[in-house]
Amino acid sequence: MKPRKIQEGIYWMGSLDWDRRLFDALIPLPDGTTYNAYLVRGTDKTVLFDTVDLPKVHEILAQLQDVEKLDYVIVQHAEPDHSGGVPMVLEKYPNAKVICTPKCQAMLQDRFEIPEERFQTVNDGDILDLGGRTLEFMHLPWVHWPETMGAYIKEDKILFSCDLFGSHIASTDLFVKDKARVFEAAKRYYAEIMMPFRKIIAKHLERLKNYDIRIIAPSHGSIYDEPQFILDAYQEWTTGKPHNLVVIPYVSMHGSTLMMVDFLTEELVQNGVDVMRFDLSEVDIGKLAMALVDAATIVIATPTVLTGPHPKALYAIALANLIRPKAKYASIIGSYGWGTKVVEQVAAALPNLKVEILPPVLAKGIPKKAELNALSEMAAQIAQRHQNL
Ligand code: FEO
């Protein structure tokens, strides 16, 4: 795709990756993704924000064909989906320097053989005058990795936000048109990329309240020319209270655990609690991650395989532990044949979650009256706790 004009002197470059179906070999990308780069011209200097993933480098080199002089490549983030083309762009422009954080320089040099003299690191708040346009660099650590930064142009009121506020969508919409669609994609993205650092992200949001932001140009997805909706969404996701929602990731081999899930679902609904269930035998793990953004309670439902949880349940548990949702309560239900260690093993696999573990319910074989009563009690306890969220 050719460069697209955002406004005079500022252009989108990059690549639409329509066919990518997995990010980090983890989160499904039903709508593909984009790798956004931006060309910004001042009267004196021209800069390029980021590049693209390595397989797409030919696209950005073609976009740069008519750009005779480039003074700086601003690398906001060392992850290869943005930095993959940096060596080739530096080769095309032998006088261009890389601007990045000191941590980013080290990471880039861990991956690419870029000579020391090609770097110019910046501190938080440093200003670069392009002539008629000034860039203010903002260190924004953990808007995915520790080295990340963004930049703000006060003359244009544009924030280049790195991975922050991104969405995995390959779309020809230069600016966001379908907010509902972008909200879904941005939430899926937030769940994997940002949620583990939500307290730090919340501090970045506070900082950004001091800036007059007309446009947010993220590193993935369409550009926000009405950015308030994504700012509001991030505020809710990072600092909002958990919802009156129980997420039940479950797997069942012969139906006993499923009977318990069905019974608990009904009891929760009768107690006024919302439920989202995810069959781990064929789950879109991205949808589960999105549900975990909001849930106040997680109930893992797994049969015992030999002595421990089903491996598919362990995968979901590992994901939940990794992305650190703000749930306050958790429990375990499931069936077993002759013996089980699922409770100990599930609890041990969730060290990052600051949750109260509610009494688990395990059934030998199919659930009988005692287990069903215990599930009713679990539902009542959850409902009661959710009233005080
Ligand atoms: Fe889009 Fe963290 O790279």
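**Group meeting: a five-stranded sheet and the chain around it**

Okay, let's start right down at one residue pair: Asp 129 has its bridge partner in β11, and that partner is Thr 134. Keep in mind that this is a predicted model.

So what do those two residues belong to? Strand β10 is joined to β11, residues 134-139, by three bridges, and the two strands run antiparallel. Quick reminder for anyone who needs it: strands in a sheet pair through backbone hydrogen bonds, and the pairing can be parallel or antiparallel.

Now zoom out a bit. Those two strands sit in an open sheet of five, and if you walk across, you go β10, β11, β12, β13, β14. The pairing over the sheet is mixed. At the edges you've got β10, covering 127-129, and β14, covering 215-217, each pairing on one side only. On average, neighbouring strands here are turned by 20 degrees against each other, ignoring direction.

Okay, the chain as a whole. How many helices and strands does the chain have? Twelve helices and 22 strands. Its C-alpha atoms fill a box of roughly 80 × 40 × 35 Å along the principal axes.

On burial, 57% of the 389 residues count as buried. The exposed area comes to about 16300 Å², with carbon and sulfur atoms supplying 52% of that.

For contacts, take the ones between residues at least 6 apart in sequence: 73% of them join residues at least 24 apart.

Last thing, charges. There are 41 positive side chains and 49 negative ones, and the centres of the two sets lie 3 Å apart.

Key
Residues numbered from 1 in each chain as written. Predicted model: local features only at pLDDT ≥ 70, side-chain atom pairs only at ≥ 80, totals over all residues. Heavy atoms only, no water. Pairing = 2+ DSSP bridges. Helix = DSSP H or I, 4+ residues; strand = E, 2+ residues; numbered from the N terminus. Axes fitted to C-alpha atoms, helices over the stretch in contact; angles between N-to-C directions. Buried < 20%, exposed > 50% of the residue type's maximum accessible area, 1.4 Å probe, protein only. Contact = heavy atoms within 4.5 Å. Areas by Shrake-Rupley, 256 points an atom, 1.4 Å probe, with all protein chains shown as cover. Lys, Arg positive; Asp, Glu negative; His and termini not counted. Charge placed at Lys NZ, Arg CZ, Asp CG, Glu CD.
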